[in-house]
Amino acid sequence: MHPALRIDNFSVRFERGDSSTMAVREVSLQVEAGECVALVGESGSGKTQLFMAAFGLASSQARVEGSVRYFGEELLHAPQAVLNRVRGAGIAMVFQDPMNALTPHLSIGAQLIEVLAVHGGAPREAARSAALAMLERVGVDEPARRMRQYPHELSGGQRQRVLIAMGLLGAPKLLVADEPTTALDVHVQAQVLELLQRLRQETKLALIFISHDLAVVAGVADRIMVMYAGRIVESAASGALLRSPRHPYSAALIRCMPSMRSPVAARMATLPGYPPRAGDLIAGCAFAPRCPKAQARCVSERPPLIADARGSIACHFPEAP
C-alpha cells in the first residue's frame with residue numbers, strides 16, 4: 001500500500017542569470033492516508049516553495065530534483081495532463097494569501113462551481129447546491145449571498161474560508177493547507193480544525209498543515225517536521241516534539257509560544273537574530289549564528305539528518321529526549 005504522498009531527496013533551486021538560490025535542500029517526507037503532518041518554521045524557511053514546486057506550481061525559474069509520488073504515481077516532470085488530473089481533485093491546496101488566490105473578476109459562486117464542473121462533471125445546479133453546503137460547513141454566513149459576491153466584497157477571514165471550501169469541494173485524498181487559519185477568529189478557527197479532523201476520520205484524508213503557529217499544530221498534527229533554511233532539522237511525533245524538542249531551533253520556537261500561565265507584565269520570548277538569506281552559502285549548520293549551543297564544528301560542518309527510533313534530527317549536539 002503506497003502512502004498518500006512520498007517526497008524523496010527533493011531540492012528546489014531558482015536560477016536568474018548567473019545567480020542561483022537554493023530554496024529547498026534535500027527534503028524527504030511521507031504522509032499516510034488519514035494522517036496529519038505539520039510543517040513548521042519561520043517565514044522564508046521554504047515550507048510553501050517545497051509544495052508549490054512538488055506539484056508543478058513554482059515559477060519557470062525553478063529547477064527541481066528528487067522524487068514526488070502521489071499514491072505511488074510519480075508527479076515530478078509528469079506531463080501537464082497528468083498534473084491537471086491530479087491537482088484539484090486528488091490533491092488540493094489551500095493557499096496562504098486568500099486575496100491573490102481568488103480570481104478578482106469572477107464571483108465566489110462561479111469559482112466554487114468551476115471546481116466541480118472541471119473535476120467532477122457535476123450539473124450546474126448540483127454543483128451550486130454542493131458549493132452552498134460546503135460554504136456553510138466552513139462557517140461562511142449567508143452562503144447564498146456570498147455566492148453572488150466577488151472576492152473584494154469579502155473580509156480576509158471570509159476569503160480564507162472560501163479557499164478552504166474550494167479545496168475540500170473536490171473531495172481530495174490529500175490536502176495541503178498553507179496557514180489555513182491565520183486570518184480566522186478563534187471560533188471559526190476551531191470550526192475549520194474540527195471539520196478537517198472529521199474529514200480525516202471519515203474519508204481518510206491525508207493532511208499537510210503548514211504553519212508557524214505551534215499552538216494550532218499541537219491540536220491537529222500526528223507528526224511535526226521543523227524546517228529551517230530549506231532543510232528539515234527535526235521530525236518526531238507531535239507530543240514527543242512539543243514535550244522534549246531535541247533541536248535548539250525547535251526548542252526556541254516552543255519557548256516563543258504564548259502561554260496563559262505567563263505573568264501579565266512578562267515580555268514574550270523571542271528568537272534573536274534572523275534566518276539566513278536563501279542565496280547565502282553556508283558550510284555548516286544554518287542555525288549556528290543564532291544557536292546558544294553552537295561550537296566550532298557547527299560553523300564548519302553541516303549536520304546530517306539522522307533517523308532514529310524517535311524520528312530524525314540534524315544537530316551535532318542535540319538535547320537528550
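Show the surface of the whole protein chain: its accessible area comes to about 15,800 Å², of which 54% belongs to carbon and sulfur atoms. Accessible areas come from the Shrake-Rupley method with a 1.4 Å probe, and for residues only the protein chains shown count as cover. This is a predicted model, in which local features need pLDDT of at least 70 and side-chain atom pairs count only at pLDDT 80 or more, while totals for chains, interfaces and linings use all residues. Residues are numbered from 1 along each chain as its sequence is written, and side-chain values use heavy atoms, with hydrogens and water left out.

Next, colour the chain by pLDDT, the predictor's confidence in each residue, from 0 to 100. The average is 89, and 97% of the residues score at least 70. Select helix H3 (residues 98–101) for the lowest mean pLDDT among the elements, 79, and strand E10 (residues 231–237) for the highest, 97. Where pLDDT is low, the predicted coordinates should not be read in detail.

Switch to a cartoon. The protein chain has 12 helices and 12 strands; these are DSSP runs numbered from the N terminus, with at least four residues for a helix (H or I) and at least two for a strand (E). Along its principal axes, the C-alpha trace spans about 65 × 55 × 40 Å. Of the 321 residues, 48% count as buried, meaning under 20% relative accessible area (exposed is over 50%, partly exposed in between; 1.4 Å probe, protein chains only).

Now select E1, E2, E4 and E5. These 4 strands form an open antiparallel sheet in the order E2-E1-E4-E5. Strands E2 (19–31) and E5 (73–74) stand at the edges with a single partner strand each, so one side of each is left without a neighbour in the sheet. Two strands pair if DSSP finds at least two bridges between them; E4 (residues 62–70) and E5 pair over 2 bridges. Pick Arg69: its bridge partner in E5 is Glu74.

Add helix H1 (residues 47–54), which packs on this sheet and touches E1 (5–16), E2 and E4. Contact means heavy atoms within 4.5 Å. The direction of H1 makes about 100° with that of E1; axes are lines fitted to C-alpha atoms, for helices over the stretch in contact, and angles run from 0 to 180 degrees between N-to-C directions.

Finally, go to strand E6 (residues 91–94). Ile91 and Met93 point one way, Ala92 and Val94 the other way, and all are buried. E6 pairs with strand E7 (residues 174–178) in the parallel sense over 4 bridges. Across this pair, Met93 stands opposite Val176 in E7.
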